[in-house]
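Please open the model in your viewer and keep the selection tool at hand. The tour below moves from one selection to the next and says what is to be found at each stop.

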Amino acid sequence: MKEAPKSTAAAVNHLTDVLSRLPGIGPKSAQRLAYHLLKASEEQVRELSDALVAVKQKTRRCRVCCNIADGDLCLICGNPVRDRSRICVVEQPQDMLTLEHTRVYKGVYHVLHGNISPAEGVGSDDICIRELMARLDGGDVTEIILATNANVEGETTAMYLQRLISPLGVKVTRLARGLPFGGEIEYADDVTLSRAMENRQEF
């Protein structure tokens with residue numbers, strides 16, 4: 001990627017460099033953000049700075065599901081109405097937020113904080129699988145819903161968990177794969193079409 005022209009001020013270059021390390025932020029976007037912050041009031045910059053520090057100092061992982069929480073339990077694990085017999089396993093906390101937005105699922109979650117990726121040196125011990133297995137010890141869980149991403153790492157993680165959990169007598173399901181709403185068959189890839197055909201439902 002072509003490098004953005006350097007500023008004449010070292011502090012601006014440093015801020016640009018720090019911002020460009022964030023996911024999805026390239027050198028030019030980082031430079032735009034740096035100059036935006038340069039024009040912002042000191043109060044706005046301080047508010048941003050305080051928010052960044054607070055998100056590290058005032059959050060922790062829920063002791064049950066490993067979701068991000070303000071206290072010992074996250075809002076979902078602390079909700080007595082949620083169905084604790086079903087656990088939906090997701091890779092990241094933001095995946096859980098997306099599923100919650102549908103207002104369809106009433107069970108609880110487990111956040112792995114990653115996926116198994118041999119290419120990146122991430123194994124099963126590097127994500128929160130041990131914590132998930134500990135939740136199955138009580139015998140109250142009847143279904144595990146695997147909602148990992150539909151890519152190589154997500155499929156690898158799902159297959160690993162399926163082999164680990166099925167012998168325990170707990171039902172293991174996987175989110176259905178198929179055509180997205182509004183998608184056209186002409187532009188769908190072979191894998192998506194194959195999964196859509198395999199998971200077809202009676203109309």
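A residue is called buried when its relative accessible area is under 20%, exposed when that area is over 50%, and partly exposed in between, with a 1.4 Å probe and protein chains only. Helices (H or I, at least four residues) and strands (E, at least two) are DSSP runs, numbered from the N terminus. This is a predicted model, in which local features need pLDDT of at least 70 and side-chain atom pairs count only at pLDDT 80 or more, while totals for chains, interfaces and linings use all residues. Residues are numbered from 1 along each chain as its sequence is written, and side-chain values use heavy atoms, with hydrogens and water left out.

**Stop one: strand β4**

Select β4, residues 107-111. Five of the five residues of β4 are buried, so the strand is largely enclosed by the rest of the structure. Now add β3, residues 83-90, to the selection: β3 and β4 run parallel and are joined by five bridges, where two strands count as paired if DSSP finds at least two bridges between them. One place to look is D83, whose bridge partner in β4 is G107.

Next, show the side chains of Y105 and Y109, and ask how many aromatic pairs the structure holds. The structure holds one, under a rule by which rings of Phe, Tyr and Trp (its six-membered ring) pair if their centres lie within 6.5 Å, with planes under 30 degrees apart counted as stacked, over 60 as edge-to-face and the rest as tilted. The ring centres of Y105 and Y109 are 5.1 Å apart and the planes stand at 70 degrees, so this pair is edge-to-face. Y109 is buried, at a relative accessible area of 1%, and Y105 also counts as buried, at 13%.

**Stop two: the loop after β4**

Follow the chain out of β4 to S117, which sits in the loop between β4 and α5 (129-135). S117 counts as buried, at 2% relative accessibility. Leaving aside residues up to four places away in sequence, S117 touches V122 and E153, contact here meaning heavy atoms within 4.5 Å.

**Stop three: residues 62-77**

Select residues 62-77, where UniProt, in an unreviewed entry, places the feature "zinc finger region: C4-type"; UniProt positions are given in the numbering used here, feature names are shortened, and annotations may be inferred rather than shown by experiment. The span is 0% helix and 12% strand, and its end C-alpha atoms lie 8 Å apart.

Within this selection, display C65, C74 and C77. How many disulfides does the structure have? With a disulfide taken as a pair of cysteine sulfur atoms within 2.5 Å, the count comes to zero. The cysteine sulfur closest to that of C65 belongs to C74 and is 3.6 Å away, too far for a bond, and for C77 the closest is in C65, at 3.6 Å, again too far for a bond. C65 is buried at 1% relative accessibility, and C77 is buried at 9%.

Move on to G71, in the loop between β2 (68-69) and β3, which is partly exposed with a relative accessible area of 24%. If you draw a distance from the C-alpha atom of G71 to that of L168, 97 residues apart along the chain, the separation is 31 Å.

**Stop four: salt bridges**

The structure holds eight salt bridges, each being a side-chain nitrogen of Lys or Arg within 4 Å of a carboxyl oxygen of Asp or Glu. Begin with R63 and D72, whose closest N and O atoms are 2.6 Å apart; R63 is exposed at 57%, whereas D72 is partly exposed at 41%.

Then select R82 and E100, which meet in a salt bridge at 2.8 Å, N to O. R82 lies in the loop between β2 and β3 and E100 in helix α4 (residues 93-101), so the pair ties together parts that are 18 residues apart in sequence. R82 counts as buried at 13% relative accessibility, and E100 as partly exposed at 23%.

Finish with R177 and E155, a salt bridge of 3.7 Å, N to O. This pair links distant parts of the chain, with R177 in the loop between β6 (171-174) and α7 (190-198), E155 in helix α6 (residues 152-165), and the two positions 22 residues apart in sequence numbering. R177 is buried at 16% and E155 is partly exposed at 21%. Add R174 and R195 to the selection, and you have a network of salt bridges linking E155, R174, R177 and R195.
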